[in-house]
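This report describes a single protein chain for a reader working at the bench. The sequence and the model come first, and the text follows.

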Amino acid sequence: MGPSRLARERNNVNIRSHIDRWLDKNRDEVLSWRRYLHAYPELSHQEHGTTAYIAGILRGYGLEPHLFPTTGLMVDIGTPRIAFRGDIDALPIEEETGLPFSSQNPGVMHACGHDVHTTIALAIACALSEYPEPVDVRVIFQPAEEVMYGGAPDVIAWGGIKGIEKIYAVHCEPALETGTIGVRAGAITSAADILTVNVYGPGGHTSRPQLTNDVVFALSSLVTQLPALLSRRVDPRTGTVLVFGSIHAGNAANAIPQMGSVSGTLRTASVDVWLSIQPLLEELIGHILAPTGCSYDIDYTRGIPPVVNDPIATHLLIDHSPFRVVEALQSSGGEDFSWYLQEIPGCMARLGCKTNVEYDLHQADLIVDENCIDVGVKLFASVLHADRL
């Protein structure tokens with residue numbers, strides 16, 4: 001006969017108590033990890049020093065990390081059923097915080113909180129290495145989250161979630177107070193695809209537009225009409241939006257150019273829309289450009305799906321969180337944690353890290369409240385507690 005529910009609950013309380021005591025004992029060491037990672041950030045697919053640093057700490061705690069073929073790694077404690085992910089890459093941004101542990105790598109900065117995510121993942125792994133009873137956890141240190149072709153699909157291909165039943169992650173949120181967790185079932189981020197349309201014509205003089213095909217007029221028609229038409233063909237409740245950020249054509253005021261281009265992003269909170277939107281966009285572009293007589297080609301780059309939190313995994317986190325939980329707003333940003341959730345259930349939560357100054361992610365002056373590290377580690381511990389009941 002297996003252990004009674006009361007006995008299991010007693011053991012689970014011990015997991016949380018163990019994590020609390022471990023943090024009290026090792027808080028200074030954990031902070032030193034975060035500050036080292038912040039001082040030595042590395043770009044996507046280049047996280048060699050970061051990988052070696054994490055591996056060294058894990059080995060110092062008696063763990064045996066599994067290095068991925070390029071960068072990144074994972075570590076198992078027991079026979080894993082549940083996974084926690086930390087992302088390890090940084091952004092090509094010159095830091096302007098003035099912190100004593102500011103980036104020592106010119107033009108590279110942890111401006112999205114990945115140093116915090118990594119530290120939380122590292123702390124939960126090291127704390128569990130000293131827990132006296134078996135646990136069934138995998139901790140993934142994923143490379144290359146910040147680029148369009150991110151590291152999550154590679155981790156999946158390398159067997160990173162094989163045998164895993166649920167996966168969890170946190171993401172720093174400087175708009176939320178430290179000690180507050182933002183979460184929602186369903187889509188919490190958006191898909192993010194890139195659309196570029198190149199338009200061609202014979203060129204001509206602006207005094208005789210009737211003798212040519214006006215590339216600039218065609219581009220202007222696309223920029224104004226395509227988002228409007230899309231809003232009439234796609235359910236607005238899906239949060240689907242097309243926004244152009246770049247338009248280029250010509251060099252002279254009195255010459256109609258032979259070529260121009262326009263580029264933008266297509267974002268949606270719906271996986272169904274994300275999977276089906278490209279043919280619709282191509283149809284609408286053809287209708288808009290047909291009257292202009294211009295030829296064109298389309299470069300559509302499929303990015304990542306939205307992060308769609310599993311309802312059961314999400315409510316497990318909410319129901320057992322030791323911290324204040326609020327409903328997170330659905331973001332138009334992208335996150336490649338979504339790829340894991342295409343394969344297995346899981347949940348990403350927003351981790352409050354607000355300071356007394358208003359900061360934002362992906363900015364050169366971002367400063368986070370380091371107390372959020374304790375919150376993230378204890379939140380993961382509460383997930384383990386709930387999962388073992």
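The text below covers the overall make-up, two helix pairs, the cysteines, and a few single residues.

## Overall make-up

The model is a predicted one. The protein contains nine helices and 16 strands. Its C-alpha trace spans about 85 × 45 × 40 Å along the principal axes. Of the 389 residues in the protein, 53% are buried. Among contacts in the protein with a separation of 6 or more, 81% are between residues 24 or more positions apart.

## Two helix pairs

Two helix packings are set out here, beginning with the pair α3 and α9. Helix α3 covers residues 114-129 and helix α9 covers residues 372-387. The two pack at an angle of about 50°, and their axes lie 9 Å apart. Because of that angle, α3 is oblique to α9. The crossing of α3 and α9 is right-handed.

On the α3 side, the residues that meet α9 are Val116, Thr119, Ile120, Ala123, Ile124 and Leu128. Their partners in α9 are Cys372, Ile373, Gly376, Val377, Phe380, Ala381 and Leu384. Sorted by class, the contact of α3 with α9 holds 11 nonpolar residues, two polar residues and no charged residues.

The other pair is α5, residues 215-233, and α6, residues 271-289. These helices pack at an angle of about 135°, with axes 9 Å apart. At that angle α5 is oblique to α6, and the crossing of α5 and α6 is right-handed.

From α5, the contact is made by Ala218, Ser221, Leu222, Gln225, Leu226, Leu229, Leu230 and Arg233. From α6, Ile277, Leu280, Leu281, Glu283, Leu284, Ile285, Ile288 and Leu289 take part. The contact of α5 with α6 divides into 12 nonpolar, two polar and two charged residues.

## Isoleucine 277

One of the α6 residues in that contact is Ile277. Isoleucine 277 has a relative accessibility of 2%, so it counts as buried. Apart from neighbours within four places in sequence, isoleucine 277 is in contact with Leu230, Val234, Leu266 and Tyr300. Of these, Leu230 is also listed among the α5 residues of the helix contact. Glycine 151 is 126 residues from isoleucine 277 in sequence, and the two are 24 Å apart in space, C-alpha to C-alpha.

## Cysteines

How many disulfides does the count come to? The count is zero. A disulfide is a covalent bond between the sulfur atoms of two cysteines. Here a pair is counted when the sulfur atoms are within 2.5 Å.

Cysteine 372 is in no disulfide, and the nearest cysteine sulfur, that of cysteine 172, is 4.7 Å away. Cysteine 372 is among the α9 residues that meet α3. With a relative accessible area of 0%, cysteine 372 is buried. Cysteine 294, at 8% relative accessibility, also counts as buried.

## Loop residues

Two histidines have a positive phi although neither is a glycine: histidine 45 and histidine 362. They are set side by side in the table.

| Residue | Phi | Place | Relative accessibility |
|---|---|---|---|
| Histidine 45 | about 70° | loop between α1 (5-39) and α2 (48-60) | 41%, partly exposed |
| Histidine 362 | about 65° | loop between β16 (346-354) and α9 | 37%, partly exposed |

Histidine 362 also appears in the surroundings of isoleucine 93, a residue that it touches. Where is isoleucine 93 found? Isoleucine 93 is in the loop between β3 (82-87) and α3. Is isoleucine 93 buried or exposed? At 17% relative accessibility, isoleucine 93 counts as buried.

Not counting residues up to four places away in sequence, isoleucine 93 touches Gly107, Val108, Met109, Ala111, His362 and Ala364. Histidine 110 is 17 residues from isoleucine 93 along the chain, and their C-alpha atoms are separated by 8.3 Å.

Methods
Residues numbered from 1 in each chain as written. Predicted model: local features only at pLDDT ≥ 70, side-chain atom pairs only at ≥ 80, totals over all residues. Heavy atoms only, no water. Axes fitted to C-alpha atoms, helices over the stretch in contact; angles between N-to-C directions. Helix = DSSP H or I, 4+ residues; strand = E, 2+ residues; numbered from the N terminus. Parallel < 35°, antiparallel > 145°, perpendicular 65-115°, else oblique. Left-handed = near helix turned anticlockwise from the far one by under 90°. Contact = heavy atoms within 4.5 Å. Nonpolar A, V, L, I, M, F, W, Y, C, P; charged D, E, K, R; others polar. Buried < 20%, exposed > 50% of the residue type's maximum accessible area, 1.4 Å probe, protein only.
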